[in-house]
Amino acid sequence: MMLFNRDRDRPWKFGLTTILFLILAFYVKAQNAYVAFLDSSIVDVIQKNQPGWKTLMYQGITTLMEPKLIIVWTFILAFLLWGFKFKIPALWCLATLAGGDVLAAVVKNVVQRARPTAHLAADNGYSFPSGHVFGTFLLIAMIWLILVPMIATPWRAWLVRIILIVWLILLMISRVYLNAHYPTDTIGAVLLAYLWVQAAQGLYIRLAPVMKRWPLLTHSEI
């Protein structure tokens, strides 16, 4: 039995998410007034109160999920999966992150959205989509799809899912709170990451049985 089952709805999920992302990216690149109004309205709510403890919390969250650290966390996950004979899933995790990073970089350079005016010097590069949120979504998807189904107790599995969702939401808020991104940058990152995960799952279903015939991967779980 494979980790990922064939999903008849995957083409619809991929197609709809792609359309939504392209619409958002188009309006962001066009500097649409409605997008600007949406961003400013959300920013006003998120940045309304800025006590010291909240700033420290969001700084900690965003530091833990830096793109460079996402690579480290993914390699650790892949190392553990490989050690427990999930070699093909381990390679899938690494390939999904690598391919996703290339995709996100291409989108950034196509849209070329400038960062918020008050952003920190450390947050350089283009703003759309958020690299922190994109990478974190991919890492969470790997945990959600591979590790969570291994949890035998249903309530514990759901608890982990809730923690993962809350963590992603907190990260999205932190990027806006710290003036690193506009809210639509984080929304765009989630849409782009979701459609990429759908594509990566489809590729896994097609390629995993072929890879299992390779000598190094013969005894791998798929």
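What share of the contacts in the protein chain with a separation of 6 or more is accounted for by residues 24 or more positions apart? The figure is 77%, and it is a useful thought to keep in mind while moving through this predicted model, since several of the stops below concern residues that lie far from one another in the numbering.

**The whole chain**

Begin with the protein chain in a cartoon view, where eight helices and zero strands are to be found, so that the pattern read along the sequence is α-α-α-α-α-α-α-α. The radius of gyration is 18 Å, close to the 17 Å that the globule rule gives for 222 residues, and the chain is therefore as compact as a globular protein of that length. If you orient the view along the principal axes, the C-alpha atoms fill a box of roughly 55 × 35 × 30 Å.

Switching to a surface, you are looking at about 12600 Å² of exposed area, of which carbon and sulfur atoms supply 71%. Beneath that surface, buried residues make up 43% of the 222 residues. Colouring by charge brings up 19 positive and 9 negative charges, whose mean positions are 8 Å apart.

**The salt bridges around Arg113**

Next, select Asp39, Arg113 and Asp185 and show their side chains. A search of the whole structure finds two salt bridges, and Arg113 takes part in the one with Asp39, at 2.7 Å from N to O. Because Asp39 lies in helix α2 and Arg113 in the loop between α5 and α6, this pair ties together parts that are 74 residues apart in sequence. Both Asp39 and Arg113 are buried.

Keeping Arg113 in the centre of the view, turn to Asp185, whose side chain meets that of Arg113 in a salt bridge, again given as 2.7 Å from N to O. Here the partner of the loop residue Arg113 is in helix α8, so the pair ties together parts that are 72 residues apart in sequence. Asp185 is buried, as is Arg113, and the salt bridges, through shared partners, join Asp39, Arg113 and Asp185 into one network.

**The backbone of the loops**

Stay in the loop between α5 and α6 and select Gln112, which is found there. Gln112 is not a glycine, yet its phi is positive, at about 55 degrees; with a relative accessible area of 44%, this residue is partly exposed. Most residues other than glycine have a negative phi, and most peptide bonds are trans.

Further along, select Phe128 and Pro129, which are joined by a cis peptide bond with omega at about -5 degrees. Pro129 belongs to the loop between α5 (87–111) and α6 (131–147).

For another positive phi, go to Gln31, where the value is near 55 degrees in a residue other than glycine. Gln31 sits in the loop between α1 and α2 (33–46), and at 70% relative accessibility it counts as exposed.

**Gln201 and Arg10**

Where does Gln201 lie, and which residues does Gln201 touch? Gln201 is part of helix α8, which spans residues 183–211, and its relative accessibility of 8% is why Gln201 counts as buried. Leaving out residues up to four places away in sequence, Gln201 touches Phe4, Arg10, Trp92 and Leu145.

Of these, select Arg10, which is placed in helix α1 (residues 10–29) and is buried, with a relative accessible area of 11%. Beyond its neighbours within four places in sequence, Arg10 is in contact with Asn5, Gln198, Gln201, Gly202 and Ile205.

**Ile61 in helix α3**

The final selection is Ile61, in helix α3 (residues 52–64). Is Ile61 buried or exposed? At 6% relative accessibility, Ile61 counts as buried. Show the surrounding side chains and, setting aside residues up to four places away in sequence, you will find that Ile61 touches Trp167, Leu170, Leu171 and Ser174. To finish, draw a distance from the C-alpha atom of Ile61 to that of Ile71, ten residues apart along the chain, and the separation is 16 Å.

Technical notes: Residues are numbered from 1 along each chain as its sequence is written. This is a predicted model: local features need pLDDT of at least 70, side-chain atom pairs count only at pLDDT 80 or more; totals for chains, interfaces and linings use all residues. Side-chain values use heavy atoms; hydrogens and water are left out. Helices (H or I, at least four residues) and strands (E, at least two) are DSSP runs, numbered from the N terminus. Buried means under 20% relative accessible area, exposed over 50%, partly exposed in between (1.4 Å probe, protein chains only). Contact means heavy atoms within 4.5 Å. The radius of gyration is taken over C-alpha atoms; the globule rule is 2.2 Å times the number of residues to the power 0.38. Accessible areas come from the Shrake-Rupley method with a 1.4 Å probe; for residues, only the protein chains shown count as cover. Lys and Arg count as positive and Asp and Glu as negative; His and the chain ends are not counted. The place of a charge is taken as NZ of Lys, CZ of Arg, CG of Asp or CD of Glu. A salt bridge is a side-chain nitrogen of Lys or Arg within 4 Å of a carboxyl oxygen of Asp or Glu.
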